[in-house]
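Me: I would like a close look at a single part of this model, followed by its setting in the whole. Please state the cut-off behind each term as it arises.

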Amino acid sequence: MALLEAKGVDVFYEPNRGLKIWSVRDVDLTLDEGEFVGLVGESGCGKSTLGFALTRMLRPPAHLEGGVILFDGVDISTLEGEPLRRQRRNGFAIVLQSGMNALNPVRSIENHFADIFKAHARDGEDLSAGTLRARGAVLLTNVQLYPDVLDRFPHELSGGMRQRVAIARALVSGPRLLLMDEPFGALDAQTRHLMQTELQNIWRRTPKTVVFVAHDVQEAVYLAGRVAVMSARPGRIMSIVDTGFDKTQPDIFKARQFLDKVDEIWGLVRDEAIKAQRGRDP
């Protein structure tokens, strides 16, 4: 069943009054409930912009213009003010690159979790310190961190640990759709691989609809069931590649099926990058 349907979505930037620079044009995309979809394309093609547009999290100077975005049957492309804030609060969550997830350096991880628990609390819900700490410990366990991390501060955690905390925070509200914008891009290679595997495990335990914006084609093929390949700017969805083979097999990164998919998608991205470069050359 479709959770999100985008039809004819256009996004432009307006760095100066009266100057429109199109980032995304005429995008159609459907996301099924519980599906993990990757977005790839050459640098600057608008993949991050599209992710933010689909979740109505765009900020000026980017603007949504044209098209329809249906989220669970509701046209969120026309919502503004409190109705839009309510849809975003109850429906979406986001994880950004390491270091960009707004962890307050002077608050413990326990307090970070407590703030979000309180923000999403229902009337009459138990918000005692002991209950909130116990719930925070469960979140950490879900992302393979020990409960003692609750007493630590962001600067005391490694990049990978901070990203695990960011993922756990994003799941607090029970979002229907999780946007991940190159969340492992700033990590070292070893930590990045560990986080990719851990994200797969988290997704299997608590299935969510995920839009995963990736610069690395291999990462997208490993994580996503489908990979949408975007053209050079203004970005359009030019191809959607099914990668729904068994990702749990040993030595998956050496498997012929895996390598063939990486080559197929990389070829599409490379061709668009070459076209874009030719268009920029004098």
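Reply: In helix α1, the buried residues (under 20% relative accessible area, with a 1.4 Å probe and protein chains only) are Lys-47, Thr-49, Leu-50, Gly-51, Ala-53 and Leu-54. The helix spans residues 47-54, and because six of its eight residues are buried, α1 is largely enclosed by the rest of the structure. Helices here are DSSP runs of H or I with at least four residues, strands are runs of E with at least two, and both are numbered from the N terminus. After α1 comes Arg-56, which has a positive phi near 55 degrees.

The model is predicted, so local features require pLDDT of at least 70 and side-chain atom pairs pLDDT 80 or more, while totals for chains, interfaces and linings use all residues. Numbering starts from 1 along each chain as its sequence is written, and side-chain values use heavy atoms, leaving out hydrogens and water.

Beyond α1, helix α3 (residues 109-119) packs against two other helices. With helix α5 (residues 159-171), α3 makes an angle of about 20 degrees, the axes lying 10 Å apart; axes are lines fitted to C-alpha atoms over the stretch in contact, and angles run from 0 to 180 degrees between N-to-C directions. The two helices are therefore roughly parallel, a term for angles under 35 degrees. Contact, meaning heavy atoms within 4.5 Å, involves Ile-109, His-112, Phe-113 and Ile-116 of α3 together with Val-165, Ala-168 and Arg-169 of α5. Five of these residues are nonpolar, one is polar and one is charged. Nonpolar covers Ala, Val, Leu, Ile, Met, Phe, Trp, Tyr, Cys and Pro, charged covers Asp, Glu, Lys and Arg, and the others, Gly among them, are polar.

Against helix α4 (residues 129-142), the axis of α3 comes within 9 Å and crosses at roughly 105 degrees. This crossing makes α3 roughly perpendicular to α4, the term used from 65 to 115 degrees. On the α3 side the contact uses Glu-110, Phe-113, Ala-114, Phe-117 and Lys-118, and on the α4 side Ala-129, Leu-132, Arg-133, Arg-135, Gly-136, Leu-139 and Leu-140. By class, this contact contains seven nonpolar, one polar and four charged residues.

As for the setting, the protein comprises eight helices and 11 strands, and 47% of its 282 residues count as buried. Of the contacts with a separation of 6 or more, 68% join residues 24 or more positions apart.

Terms used
Parallel < 35°, antiparallel > 145°, perpendicular 65-115°, else oblique. Buried < 20%, exposed > 50% of the residue type's maximum accessible area, 1.4 Å probe, protein only.
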